Amino acid sequence: MCSLLRGEEMCLAQLFLQSGSAYDCINELGELGLVEFRDLNPGVNAFQRKHVNEIKKCEEMERILGKDILIFNIQYGNNPICLFIEFNFISGLIQRTKIEAFERMLWRVCKGYTILSYAEVEEYLEDPDTGEPTKSVVFLISYWGDQIGQKVKKICDCYHCHLYPYPSSNEERTDVVEGLRTRIQDLHTVLHRTDDYLKQVLMKASESVYTWVIQVKKMKAIYFILNLCSFDVTNKCLIAEVWCPVNDIPTLRRRKSGATVPSFVNRIPTNDTPPTLIRTNKFTSGFQNIVDAYGVGNYREVNPAPFTIITFPFLFAVMFGDLGHGVIMALFALWMVLYENNRKLKNTRNEIWNTFFEGRYIILMMGLFSIYTGLIYNDCFSKSLNIFGSGWSVKAMFEAKVWKDADIRGNRVLTLDPNVTGVFRGPYPLGIDPIWNLASNRLTFLNSYKMKMSVILGVIHMSFGVILSTYNYLHFRKKHSLYLVFLPELLFLLCLFGYLVFMIFYKWLVFTAKDSRLAPSILIHFINMFLMQGDGVQPLYPGQTGLQVFLVVIAVLSVPVLLLGKPVYLYWLHNGSHRLGMYRVREGSSHSDLSTSGERQTEEVNEFLHQAIHTIEYCLGCVSNTASYLRLWALSLAHAQLSEVLWTMVMRVGLRMDTSLGVFFLVPVFGLFAVLTVSILLVMEGLSAFLHALRLHWVEFQNKFYSGTGVKFLPGQVCDD
């Protein structure tokens, strides 16, 4: 958990490897995946390093295996099928002086898709163009593909080759076949057996092609790492510098290289910023990828991923809250989790499916939280569940003689009065009372409820992000930022928007059904708070005006502290013990002292500009970010309304048919309802809610404490310093 919260502690280590066993050591380090190498020869050109020839050979082998391979292993179940390519041939004569250039041109233009065989003719042949005797070479070019054949013929024309075309007409082919029929008949049996043998050999080779490709790539990577190392003065030992987790240093020292002289590890001090390593498992990797998509965290910075495991699916579920949709999503994710080791599900070329499969645990959590919020909203496919019985009673209105039979017949809409004894027996045990699904003012009630809930969740989420910044300040020993950055930020946020949350809860708890009509508007009070006006509005509680003025003054005073506090403190900290700095410069300081003084002044100016931008961004962001959390209310309402429209327009039509054919008509109607539910409400609405939850975490939450400008630790690769 500590590694996931802040990342592993890293160190810079020096490896001393014996030259004879360096290849095996690098191979073993790559298999372990514990270190990231640094380049100790940054000034040396890539073509001037020691193992450049070996890398070229590996690249050549990769090209041969990737392009010149004649057998393709096509996997249908467990049956590999070998495909054989039909060759074409071109033969002719060329002057001996042109054969080398001719061969190079074929290689470059045809990219290895040709095989050239040639032999020098012992006798002098007459040049058909000049008539002079010249030394010639006979060649045979094997190629496959019509486009390659056209390129070969053009190259032959450029080098004035004398080609011997193969028979093209049927008569010519018949004459040739008649002359060779006897030999073909004798060799038919031998060729057939040879063909069977070659098929068996190629079948076995096709099974090893991908293994060979991996081995060649591994060799190339090892030689590339060896080029990053430097030799000692005796040229008998290789020196490598690597970033390694501190906890893995003992494992690194216990490794066996197989050399007569053992290699050893030396930890060295450094002022360079190490890369960031956060260990994850199959459950946390998806949430860590969400954070890394915003930016890799700085070294030992607080990682938002542990908190994202809860907050991300919860905010998604607030916008997607539906019991039925959540069950479908959770079952789909559970199926992927149970069959996560299935090769057919893992090894597919469908990028969309791979995205869903990699995020199966995220989808599972989103489905489970959607079930919870669906119970809170009491919404299942736009219908409410009456599990515990409604807390409202219609019978009490008749018993109190508030309603009469004439009222039922003459009015389509009647209002339940909670002030009448027995009408409202108490709140629903879990979530919203199911009677609201039948109420005509249901939308008005849910609007008010979800809007206030969005503001409350937003302020809590942002406040939590500001509080997490204290862990960074304490870890990096910046205690002055606790008083000059964290405290003003928290006061500004809580004095304004924290007070708004307080008024929401106060209004909920104090005003009952009897005096609900006397409850003032919170929005009006919040606006009057900034205008410092409240004489014409009924106060929520005694002493409200004085408290609001005090909170506004505290919030306003926190702005200059946030703006000037940290730059002034750093300036005082740096110049407090150097009051005679200007005097020293005048007395005759060196050029280096003058440049150092100029650099310090530049740093101070940069710090002031950075803090000014941060202050403006934070103060304006508190307003815009709070308003941004209203998307929780908007998307939740949109999802509920779409679900209700889909039920009304599709499913209700099938359920209202009371004829004998209604059962048969209900089957296609239910199929259409299921397809539209999955495609629109689950996929499209789910993707929309996912993106909005992503934005709330990246912009509104993580920017309060997370910079995301670090470098990720990549074992077995090169660190870009």
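**Exercise 1. Sort the residues in the lining of the largest cavity into nonpolar, polar and charged.**

*Solution.* Keep in mind that you're working with a predicted model. Start with the list: the largest cavity is lined by Y377, N378, D379, S384, I432, D433, W436, N437, R442, L446, K450 and A640. Next, go through it by class. Y377, I432, W436, L446 and A640 count as nonpolar, N378, S384 and N437 as polar, and D379, D433, R442 and K450 as charged. The tally is 5 nonpolar, 3 polar and 4 charged. Now for the element behind them: helix α16 (residues 442-475) gives the largest share of this lining, with 3 residues. To finish, the volume of this cavity is about 100 Å³.

**Exercise 2. Work out how many cavities of 30 Å³ or more there are, and describe the lining of the second largest by class.**

*Solution.* The idea first: rolling a probe the size of a water molecule over the atoms shows where empty space is left. Here the count comes to 3 cavities of 30 Å³ or more. The second largest holds about 60 Å³ of space. Around it sit L323, G374, L375, N378, L385, I387, F388, Y428 and L430. Sort them and you get 7 nonpolar, 2 polar and no charged residues; the polar pair is G374 and N378. Did you spot N378? It lines the largest cavity and the second largest cavity too.

**Exercise 3. Decide how helix α9 (residues 305-320) lies relative to helix α13 (residues 360-377).**

*Solution.* Two packed helices are described by the angle between their axes and the distance between the axes. For α9 and α13, the axes come within 8 Å and cross at roughly 50°. That angle makes α9 oblique to α13. The crossing is right-handed. On the α9 side, the contact uses I309, I310, F312, P313, F314, F316, A317, V318 and F320; α13 brings I362, M365, M366, F369, S370, Y372, T373 and Y377. By class, that's 15 nonpolar, 2 polar and no charged residues. Y377 also turns up in the lining of the largest cavity.

**Exercise 4. Do the same for helix α17 (residues 479-510) and helix α18 (residues 522-531).**

*Solution.* The angle is about 150°, and the axes are 11 Å apart. Angles over 145 degrees count as roughly antiparallel, so α17 is roughly antiparallel to α18. Their crossing is right-handed. From α17 come C495, L496, F497, Y499, L500, M503, I504 and K507, and from α18 come I522, H525, F526, M529 and F530. The classes are 11 nonpolar, 1 polar and 1 charged: H525 is the polar residue and K507 the charged one.

Methods: Residues numbered from 1 in each chain as written. Predicted model: local features only at pLDDT ≥ 70, side-chain atom pairs only at ≥ 80, totals over all residues. Heavy atoms only, no water. Axes fitted to C-alpha atoms, helices over the stretch in contact; angles between N-to-C directions. Helix = DSSP H or I, 4+ residues; strand = E, 2+ residues; numbered from the N terminus. Parallel < 35°, antiparallel > 145°, perpendicular 65-115°, else oblique. Left-handed = near helix turned anticlockwise from the far one by under 90°. Contact = heavy atoms within 4.5 Å. 1 Å grid on protein atoms, 1.4 Å probe; cavity = no way out; pocket = protein on both sides within 12 Å on 5 of 7 lines; lining within 4 Å. Points joined across faces, edges and corners; volume = space filled by probe spheres on them.
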